[in-house]
Amino acid sequence: MWEEKLSRRCQEGVVGRLESHLLECVHILGQREVSHHAEQRYLKEMMTDISHQIKTPLASLQVFLDIFEKELTKPPMSDMVVQARRQADRIHRLVMGLLKLTQLESGMLPMEKEVCNLEMMLRECGQLVADGFPDKKLQIHYQGAHDCRVWCEREWMTEAFQNLIKNCCEYSPQGGTLQILWSETQMAHIVQISDQGPGIEQSELPKIFNRFYRVHRSGQENSPEGIGIGLALAKEIVERQGGTLVAYSSIEAPSFTRFEITLLKNVH
C-alpha cells in the first residue's frame, strides 16, 4: 500500500516535470516565432530603405553620364565616360540582384503560381537574352513538347531562365549553339540549358551557386564581367517553387556546361 502511493507520487512528479518542460518549450518556440516575424519585418523595411537611398544617387549618376556622353566625345575622356557607365550599370544590377535575393530568402514575396506554357516561356527568354549578344551570332536549339504546361510563378521563373541562359551566352564561343531542352515525366518537368563553352573545373562546380562567387572558366583569359548574383538568384527562385537546380560541366573536348531544372508536379 505504502509502496503503491510512493510510486504514484513519483509518477505524478515525473509527469508534472515533463508537462512543465513541454510548456516551457512551447513558450520558447512561440517567442522565437514572434522574433522571426519581427526580424522579417525589420529586414523588409531595411531593404526598402536601402533601395530608395541607393536608387536616387544612381539615377542622378545616370543623368550626369548622359550629359558627359554628349559633351565629352573625344578620347581619353570619352573612354572614361564609357567605363564609368559600365560601372554604374554594374552597381545597379548588383543592388537589384541583392534586393531580389534578400526578398526571396526572407519570404517577403509570396509565390503566386499559375499554369504556364513551358515552351513559350523558354523561347521568349532565349530570344530576349540572345538579342543582347549580337556580336556572338549565337544559335539556340529548342526541343520539347509543344503542349508542355508547368505550374509555377511565371515572373520569377522567367527571371531564373533568363539568368541561366545569360550565363550560357556569356561563356559561349563565337557562333556557338545553346541547347534548351524540356521534357516531362510522371513526377516532374525537366529543363536543360547548355552551352559549348570551355567548361568548369569539377572542384569549382559546387561553388557556382554561391553568392558573389565568380568562376574563371578554363581556357578563357578574360572572363565576362558579372556580379556573381545571377546563378544564386536562379537557384533560390527554383527552390522556392519546390524544384531543384544542378549544374554539370566538362573541360574535356567537347567541353560544355549544362544547367538542369527539375520542377515537381502537384507542388502548390
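**Exercise 1. How many helices and how many strands does the chain have?**

Let's start with the ground rules. This is a predicted model, in which local features need pLDDT of at least 70, side-chain atom pairs count only at pLDDT 80 or more, and totals for chains, interfaces and linings use all residues. Residues are numbered from 1 along each chain as its sequence is written, and side-chain values use heavy atoms, with hydrogens and water left out.

Step 1: Find the elements, which are DSSP runs numbered from the N terminus: helices are H or I with at least four residues, strands are E with at least two.
Step 2: Count them: the chain holds 5 helices and 7 strands.
Step 3: Read their order from the N terminus: α-α-β-α-β-β-α-β-β-α-β-β.

**Exercise 2. In what order do the 5 strands of the open sheet stand?**

Step 1: Look for pairs; two strands pair if DSSP finds at least two bridges between them.
Step 2: Following the pairs gives S2-S4-S5-S7-S6, an open sheet with mixed pairing.
Step 3: Check the edges: S2 (139–143) and S6 (243–250) each have a single partner strand, so one side of each lacks a neighbour in the sheet.
Step 4: Neighbouring strands are turned by 15° against each other on average, direction ignored. Here axes are lines fitted to C-alpha atoms, for helices over the stretch in contact, and angles run from 0 to 180 degrees between N-to-C directions.
Step 5: Zoom in on one pair: S2 joins S4 (residues 177–184) in the parallel sense over 5 bridges, and isoleucine 140 has leucine 178 in S4 as its bridge partner.

**Exercise 3. Which strands does helix H4 lie across?**

Step 1: Locate H4 at residues 154–171.
Step 2: H4 lies across S4, S5 (188–195), S6 and S7 (256–264), and runs at about 25° to S5.
Step 3: Now add helix H5 (residues 230–240), which packs on the sheet and touches S6 and S7 (contact means heavy atoms within 4.5 Å); the direction of H5 makes about 140° with that of S6.

**Exercise 4. Is lysine 137 buried or exposed?**

Step 1: Find lysine 137 in the loop between helix H3 (118–130) and S2.
Step 2: Recall the cut-offs: buried is under 20% relative accessible area, exposed over 50%, partly exposed in between (1.4 Å probe, protein chains only).
Step 3: At 59% relative accessible area, lysine 137 is exposed.
Step 4: Note its backbone too: lysine 137 has a positive phi of about 55°, although it is not a glycine.
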